[in-house]
Amino acid sequence: MLTVDFSRFPLAPGDRVLDLGCGAGRHAFECYRRGAQVVALDQNGEEIREVAKWFAAMKEAGEAPAGATATAMEGDALALPFPDDSFDVVIISEVMEHIPDDKGVLAEMVRVLRPGGRIAVTVPRYGPEKVCWALSDAYHEVEGGHIRIYRADELLEKMREAGLRPYGTHHAHALHSPYWWLKCAFGVDKDGDEAPLPVRAYHKLLVWDIMKKPLATRLAERALNPIVGKSFVAYATKPHAPREDQA
C-alpha cells in the first residue's frame, strides 16, 4: 500500500533514492522495482533486518531491473551519514509526526538532496488524526507515538522555510480512516483475534481491497480522499542555487 503517488512523483531508473524512516520498506521496494539505487534507512534495527531480507529476496526473484541497487541500514534522521547532495529523491512517509525536531529532519533531508532533486513528505491528515486523538489517549500517548498533528499549511510552510519549493499535494487512504476510528474507539492495543468484531471485519475489508484492488473501492476511495483521506502528501523540489552572474 503506497502513500506516495509515483504518477505525481516521477522516478527514473538510476535515481539515487533515500527512503528515510522506511519502516517495513513499502516505498523502498517500489523504488527498487522501478530501477532506482535505493537506500532504506530507519532507526529500528529489527525492521531494517527484515527490509534487507526482502531486498535480497527481490533480487533473487528478478523483481528489480539491471542496474538497480538496494541497501538497508540503521541511522539517525537528525544526523544522516551521507555527504551533501547525495540523493536525487528523498521520501519520508508517516515519520515526521513522531520526531520532536521536525525542522532538524527537514534540514538534513534538504542537505543530502541534490539541487533540482525531489522530495515527498507524508503525514497523518489533520481532521482524521484529530478524531483518533479525541477517541483514544493510548493512540498517541505511547513511546515513539505521534507527538503532533500537522495542518497542511503548517507543513508546507515548514518545507518552504527549509528551502524547498512545494509543487503538489493530495490526500490518500480514505478507506483507512474509519478503521483507525474503530481501533481508537474499541482499543488500539487489541489486535488479531482479541480485536472486537467491527475492527476485525473492517480489517478483512481492507486486506481484501489491498489484494484485489476492485474498481468499486478504488473509485470510492478516490472520491472520499479529499474529504477523509488518512494521509496528507506533499511534493517539493530543492531549487538550484542562483549563479553568481544572476545574484
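Why does Tyr32 count as buried? In this predicted model, Tyr32 has a relative accessibility of 4%, and buried means under 20% relative accessible area, so Tyr32 counts as buried.

The aromatic contacts of the structure give a setting for this residue. A search of the whole structure yields nine aromatic pairs. One of them joins Phe6 and Phe9: the ring centres are 6.4 Å apart and the planes meet at 55 degrees, so this pair is classed as tilted. The angle falls in that class because planes under 30 degrees apart count as stacked and those over 60 as edge-to-face, with the rest as tilted. Phe6 and Phe9 are both buried.

Tyr32 itself pairs with Phe55 in an edge-to-face arrangement, with 5.5 Å from centre to centre and 80 degrees between the planes. This contact links distant parts of the chain, since Tyr32 belongs to helix H1 (residues 26-33) and Phe55 to helix H2 (residues 45-61), 23 residues apart. Phe55 has a relative accessible area of 5% and is therefore buried.

The rings of Phe6 and Phe9 also take part in a wider arrangement. Ring pairs connect Phe6, Phe9, Tyr167 and Tyr235 into a cluster. Phe9 has a further neighbour in Arg118, which lies over the face of the Phe9 ring at 5.9 Å from the ring centre.

A charge over a ring also occurs at Tyr126. The charged end of Arg151 sits over the ring of Tyr126, at 3.9 Å from the centre of that ring.

Definitions and conventions. Residues are numbered from 1 along each chain as its sequence is written. This is a predicted model: local features need pLDDT of at least 70, side-chain atom pairs count only at pLDDT 80 or more; totals for chains, interfaces and linings use all residues. Side-chain values use heavy atoms; hydrogens and water are left out. Rings of Phe, Tyr and Trp (its six-membered ring) pair if their centres lie within 6.5 Å; planes under 30 degrees apart count as stacked, over 60 as edge-to-face and the rest as tilted. Buried means under 20% relative accessible area, exposed over 50%, partly exposed in between (1.4 Å probe, protein chains only). Helices (H or I, at least four residues) and strands (E, at least two) are DSSP runs, numbered from the N terminus. A charge sits over a ring if NZ of Lys or CZ of Arg is within 6 Å of the ring centre and within 35 degrees of the ring normal.
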